[in-house]
Amino acid sequence: MKQYRFGEQAKGVVVTLVLGALGMLPGLTQAASITLYNAQHEQLVNQLAKDFEKETGITVKIRNGEGPALAAQLVAEGAATPADVYFTENSPELMLLEEKGLLGTVDKSTLATVPARYSSPHGNWVGVFARESVLAYNTSKIQPAQLPASVMDLAKPEWKGKVGIAPSDADFLPLVSGVLATRGHEQALVWLKGLKANAQIFDDEEGVIAAVNRGAVATGIINNYYWDRLYTELGKDKTRSAIYHFGHRDIGALVNVSGAGMLKTAHNPEGAQRFLAYLVGEHAQSLMAGGHVGYEYPLRAGVAPDPLLKPFNELEPPTLTLEQLGDDSQAAKLLREAGLL
């Protein structure tokens, strides 16, 4: 009777299968999931993550938080971070991680999907969406002809009590960085002190637009999507506000870039790169644009934004590079110096 031996090769196959099933084999478990540190809209990212999982079979484990806080956490965690990908609303947080050497290089094919001016100057993160800084105003309290030519004018005495701001909101920081980059420290500080004297202070820009809409304040500095979301929620008949787009390359028309990058220490770099490529792919960009959630501009060419948004090519943002905008560290110091933080 012939006897069969359980050979070493067969043993290796069994061990591999058992370890994989127990979640103990790095090569198998890493391919099955990525960890995403997310500072974008939770509802939107949940939708995108589920679609990505369905498309690739890769599970996305999401940790949500505010952009600056998550970026600071990544700096503190260093090489020990569990994060594979960081996705955030504003470019300065990505520039900070790039400066710290914490981001890997994005695949060239992914970077080529969006215009180079909206991504990392060194290829460490890719621009995904964009939004514009605007001035919301209550249509019964102020007329368009009365609105200021520049966001800098809101620091003048005639605007006392007529403007709302949320200086502690992460979306306000890039605007301060933009003023600092274009006007210098002294003018930026004078502007912020003028705003402090004139403005009602809110915890976030959702609070700003809600106050403008109910007439508690005449105007408010926000990113465009806060008004778009309120309009969608309330409908035309209950919306008592509108948004004003600064022109002539004013810093008040700053276009902020949402982007994503792979951590240099990513546990699943292949999965991370696939997620970055997915975010700028036509399907994900179209899903975002038609989702009535984020109200941001898709950066992939050929994908139209939500009809509620002003056409992207009609915006008049200042000529300011992402490198000039920087990492927001000086903006935070300036806000504290002005007494707004």
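A residue counts as buried when its relative accessible area is under 20%, as exposed when that area is over 50%, and as partly exposed in between. By that measure, buried residues make up 52% of the 341 residues in the protein chain. The model is predicted.

**Overall layout**

The chain holds 14 helices and ten strands. Its C-alpha atoms fill a box of roughly 100 × 45 × 30 Å along the principal axes. Take the contacts between residues at least 6 apart in sequence: 76% of them join residues at least 24 apart.

**Two helices that cross**

Helix α8 spans residues 185–198, and helix α14 spans residues 329–337. Their axes come within 9 Å and cross at roughly 50 degrees. That angle makes α8 oblique to α14, because it falls in neither the roughly parallel range (under 35 degrees) nor the roughly perpendicular one (65 to 115). The crossing of α8 with α14 is right-handed.

Which residues bring α8 and α14 together? From α8 come His185, Ala188, Leu189, Leu192 and Lys193. From α14 come Leu334, Leu335 and Glu337. By class, this contact has five nonpolar, one polar and two charged residues.

**Thr88, a buried strand residue**

Thr88 sits in strand β3, which covers residues 85–88. Its relative accessible area is 0%, so Thr88 is buried. The side chain of Thr88 makes polar contacts with two other side chains. One is that of Tyr86, at 3.3 Å. The other is that of Glu93, at 2.2 Å.

What else does Thr88 touch, once residues up to four places away in sequence are set aside? The list is Ala39, Gln40, Gly67, Glu93, Leu94, Ser258 and Gly259. Glu93 therefore appears both in this list and as a polar partner of the Thr88 side chain, a residue with 0% relative accessible area.

**Glu66, an exposed loop residue**

Glu66 lies in the loop between β2 (59–64) and α4 (67–77). Is Glu66 buried or exposed? At 52% relative accessibility, Glu66 counts as exposed, because the cut-off is over 50%. Beyond its neighbours within four places in sequence, Glu66 is in contact with Ala39 and Ala170. Ala170 is a distant partner in sequence: Glu66 and Ala170 are 104 residues apart along the chain. In space they are 7.2 Å apart, C-alpha to C-alpha. Ala39 also touches Thr88.

**Two loop residues with positive phi**

Arg249 and Tyr295 each have a positive phi in a residue other than glycine. Arg249 is found in the loop between β8 (241–244) and β9 (255–262). Tyr295 is found in the loop between α12 (282–289) and β10 (297–298). How do their burial classes read? Arg249 counts as partly exposed, because 47% lies between the two cut-offs. Tyr295 is buried, because 4% is under 20%.

The table sets out the values for these two residues.

| Residue | Phi | Relative accessible area |
|---|---|---|
| Arg249 | Arg249: near 60 degrees | Arg249: 47%, partly exposed |
| Tyr295 | Tyr295: near 50 degrees | Tyr295: 4%, buried |

**In brief**

Thr88 is buried in this model, whereas Glu66 counts as exposed. Both touch Ala39. Elsewhere, α8 and α14 meet through residues that include Leu189 and Leu335.

Conventions: Residues numbered from 1 in each chain as written. Predicted model: local features only at pLDDT ≥ 70, side-chain atom pairs only at ≥ 80, totals over all residues. Heavy atoms only, no water. Axes fitted to C-alpha atoms, helices over the stretch in contact; angles between N-to-C directions. Helix = DSSP H or I, 4+ residues; strand = E, 2+ residues; numbered from the N terminus. Parallel < 35°, antiparallel > 145°, perpendicular 65-115°, else oblique. Left-handed = near helix turned anticlockwise from the far one by under 90°. Contact = heavy atoms within 4.5 Å. Nonpolar A, V, L, I, M, F, W, Y, C, P; charged D, E, K, R; others polar. Buried < 20%, exposed > 50% of the residue type's maximum accessible area, 1.4 Å probe, protein only. Polar contact = N/O pair within 3.5 Å; in protein donor to acceptor, adjacent residues only side chain to side chain.
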